[in-house]
Amino acid sequence: MLSKHAMRIILVVISVVAVSGVGLLVKAQLIPKSFGLYGAYRADAIDEEAQRVVRHGTNASCFGCHPYEAKTHLKGDHKTISCEFCHGTYSDHVKSGKKIADLPVKKGAEITTLCLRCHNTEIKARSTIVIKTVAMPDHLEQQKVKLTHNCNQCHNVHAPLKYINEAKKITGLMEEH
Amino acid sequence: MNPNLYEAQSTLSHGASMLISNYVFPNDLHVHWSMMIVLYPYITGLVDGAFIIAALYYLFDVKSLKPVARFSLLFAFAFLCCATLPLLLHLGRPERNFNMLLTPSPSSAMAGFGYIYAISMGVLSFIVLFVYRPDLVERGKKSKGVMKLIYRALTFDSDDLSKKALELDTKIIRFLVGLGIPVAAVLHGYVGFIFGGVKANPTWSTPLMPVIFLFSACVSGISAIVLAYIVIRKLGSLSIDAACIKTCIKTLTGFFILAFSFEMLEVFSHSYLKTGYHHMVEGLLNGPLASSFWLWQVKICSVIPLILLGFMAFVKMRDSIYLPISTIVSAILLLQVFIMRWNVVIGGQLMSKSARGYTVFHPEWFDKEGILAVIIIMTIPFIILYVLGKIFPFWGDAIKGSISSKPVRKTGGN
Amino acid sequence: MKIEDFSFDMDRREFVKKVLNGAIAGSLILVFPMDTVGVDSQMGISQSDLNLRLPEEIPGIKNNQYDIHRQKFAFVVDITRCIGCGSCCVADKREYNVPDGNYRTWVERYVKDFDDQIYVDCPNGGLDGYQKPRDDIQTGVRDTFFVPKLCNMCKEPPCVQVCPVGATFMTPDGFVLMDSQRCVGCAYCIQACPYSVRFLSPVTKTAEKCTWCYHRVRKGLLPACVEVCPTGARKFGSLNDENSEVYKILKGPGVLTVLKQSMGTLPALYYIGQRLEVV
């Protein structure tokens, strides 16, 4: 026959087991539904991530409404440059096919800074084998233009050699004459 | 980026060809695990070490530890109560902490925390209740109303103090303490493994990490018990049991030799193996951590205590000299373990995964994980201890023979 | 010098900051997950635009049932073509409104001098591009190259292994993603990632990382960084599509490397022209 003390202790053990059991039951209830479908994670999180809003479009989506720029851009050496890099994201500009806000257009010195992000010989990088680079202000001096000139005063930003080639065509014709 | 980084770098001569630019990955500039993660292993370490003292008495029958046995249980309990506080303060989303219990990932070393902590808390609480049952029964008899109910609950509604009942209690205590040792070892060894299991960080990823953490935990816990015992007894003008302190110090010496040897073994292995990241670890210890590691952790807080401990072991001395030295050694070793945790946790993160540079850590005062929060968290266990002392008397011995203004309590022995 | 106009992002960040600073809202974030505050939802491309105005860039996904167990993708970075313009970094920041000082992707600059010393830097994660040469190199520059970094989408991801609550995971189609509703913000994954591509968002207080624009891929669009890369240094595509560039690169004879191979993480991000100096 067990003493009262021993009975009390057995009661304590039973209650510890009971509390743990209840705890595990509560735990089972609180685990999210899709948890464990593919692994030890919430499978719904995949779809939630897939539903995240898209903010960048593609160049093609811009050209749909900007055929003039598209024509220049696609013909020039800058055809691989993303419209949205210079102008901002599609989602800030268009909603359900309608314009909701203007996107910024770079002006003046901003343009030079932007160009030199890629076309700067000074950083002595390998970009020279991928694209053409220039050193400033040497380039301006060589081309005999004012040092205050911005790049877009000679280069069309969408097709950088457009004006240059046109000018060459004209001067070339003149030389033939 | 911090321009000081470049200056700090120029002082490093070793491995300079790799480190010259002090390049830190952009996301590595911020130290994500800061003082709270230093504090957390420190607190669980104190719990572990204090528990070892209790285990030596209750399981391994080291009789001389009787004076501190019950106190170390309470001490361990008070600190275990606060072990989760630094973690909660650290978490970005503390309100979601129960996710750890709900969906613990089977692959993660950290996921076990909730369960390991719950088990250690349960085991330790029951040990305390069984150890104190005779006292609680006596007190319950004398009290009235709500307090009487509380005492009834704490004694499992059993006022049986017969020899047979107490023998059963002793068996249960031995069983629980026996269970508690692996639980405590897992609770703290796993903290070490949390660091040791991060392969991305060369200063952390070593199998020695759990071992170092375990031994240093014992060092800090035993030091804390020695220091607290001496200070509290002195403040209460109570006698100090020199034999008990001597046993503690001997145990402490053993654990500290192991802890320090492994700490040095880790550094030695790094510098001898000269693996790919060696230049980074060397640069870290000789650069950003030069003073906190070599000067503070090794020279001041390890070599000096080692000399003192050796002196205490080999030279016969009077208690009046032995006890003050014990106090000093314990205090230094408490600091040693804290600095060691700092150097592992924060030091390890100063090294960018770029293997090319170090970031800097500036402790804030009023941050959620700042210095003030550290002070508050370290104060709470002592408040808990004080409150606990009202119900659970610290010292097993009757207070006869000491000059005390406190009322003499009748306490039950074990 | 700031080149990019971040006005939209700035407004939003300011807004979020204000919300967070508000005392009431400050206590509300403890109750409501921050990620459901509809900051992004208003600013995304509308469904009709997605259907009508956006072309399909990854064949076979748009208007098809997406079989998550069949899809396989790869990302290839060609270092020899990267010019360090930072378009990818800007696009990434805009696509996700990445909080300042944290980076889902970045571009590093490696400079080698005539003493074979390597200087690496990455000011502001490359968001502003590299406009100026380094001025602390005495012996002259032998070579400069740029290395874009992003999530390696490891097949053995250490971040997934260590996450205690299953808040980061690898999908059956091979993406390592975050569940921001479960993340407790312990930062263990940040410690575990050998590539340091993770950060704790100061806005949501949860871990965030590059997803290879999973939301775009699932709509047949290229990741934003690939979309804007002017030189084709970043390439992404389906390995089920034998005509895709990445398929041809991966099945071809060219040399491909991964970052920190010794970590045993088996990245699905491959590099062309990777130099020894790159970590």
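These are my notebook entries on a few backbone details and two chain interfaces in a predicted model.

**Entry 1: a cis bond in chain A**

I began with the backbone of chain A. The peptide bond that runs from Met136(A) to Pro137(A) is cis, and its omega is near 5°. I then looked up where Pro137(A) sits: it is in the loop that joins helix H7 (127–130) to helix H8 (138–142) of chain A.

**Entry 2: two positive phi values**

Next I turned to phi angles. Asp61(B) is not a glycine, yet its phi is positive, at about 55°. I found Asp61(B) in chain B, in the loop between helix H3 (35–58) and helix H4 (66–82). Is Asp61(B) buried or exposed? I have to write "partly exposed", because its relative accessible area is 39%.

Ser196(C) went on the page too, with a positive phi near 55° in a residue other than glycine. In chain C, Ser196(C) lies in the loop between helix H6 (188–192) and strand S7 (199–200). Ser196(C) has 2% relative accessibility, so I noted it as buried.

**Entry 3: a serine in chain B**

I stopped at Ser354(B), which belongs to the loop between helix H15 (319–350) and helix H16 (371–391) of chain B. Its relative accessible area is 0%, so Ser354(B) is buried. What does its side chain reach? I followed it to the backbone oxygen of Tyr23(B), at 2.4 Å. Leaving aside residues up to four places away in sequence, I listed the residues that Ser354(B) touches: Tyr23(B), Val24(B), Phe25(B) and Asp28(B), along with Val279(C) from another chain.

**Entry 4: where chain A meets chain C**

Now for the interfaces. The size of an interface is often given as the accessible area lost when the parts come together. Between chain A and chain C, I noted a buried area of about 5,400 Å², with 56% of it from carbon and sulfur atoms. The contact involves 58 residues of chain A and 77 residues of chain C.

How many salt bridges are there between chain A and chain C? I counted 2 salt bridges. One of them pairs Arg218(C) with Asp47(A), whose closest N and O atoms are 3.6 Å apart. I also have 23 residue pairs in polar contact between these chains, both residues being at pLDDT 80 or more.

Several elements of chain A supply at least two residues each to the side that touches chain C, among them helix H3 (59–63), helix H5 (83–87) and strand S1 (94–95). The most comes from H2(A), with 6 residues. Sorted by class, this side of chain A holds 26 nonpolar, 16 polar and 16 charged residues.

**Entry 5: where chain B meets chain A**

I closed with chain B and chain A, where 18 residues of chain B are in contact with 13 residues of chain A. Together these two chains bury about 1,300 Å², and carbon and sulfur atoms account for 70% of that. Which residues of chain B lose the most area to chain A? They are Leu102(B), Thr103(B) and Phe156(B), together 36% of what that side buries.

I found 2 salt bridges across this interface. One of them links Asp159(B) to Lys4(A), with the closest N and O atoms 3.9 Å apart. I also noted 4 residue pairs in polar contact, both residues at pLDDT 80 or more. On the chain B side, helix H6 (99–102), helix H7 (113–131) and helix H10 (163–196) each give two or more residues. H10(B) has the largest share, 4 residues. By class, I wrote down 11 nonpolar, 2 polar and 5 charged residues for the side of chain B that touches chain A.

Key. Residues numbered from 1 in each chain as written. Chains lettered and ligands numbered in written order. Heavy atoms only, no water. Buried < 20%, exposed > 50% of the residue type's maximum accessible area, 1.4 Å probe, protein only. Contact = heavy atoms within 4.5 Å. Buried area = accessible area lost by both parts, 1.4 Å probe. Salt bridge = Lys/Arg side-chain N within 4 Å of Asp/Glu carboxyl O. Polar contact = N/O pair within 3.5 Å; in protein donor to acceptor, adjacent residues only side chain to side chain. Nonpolar A, V, L, I, M, F, W, Y, C, P; charged D, E, K, R; others polar.
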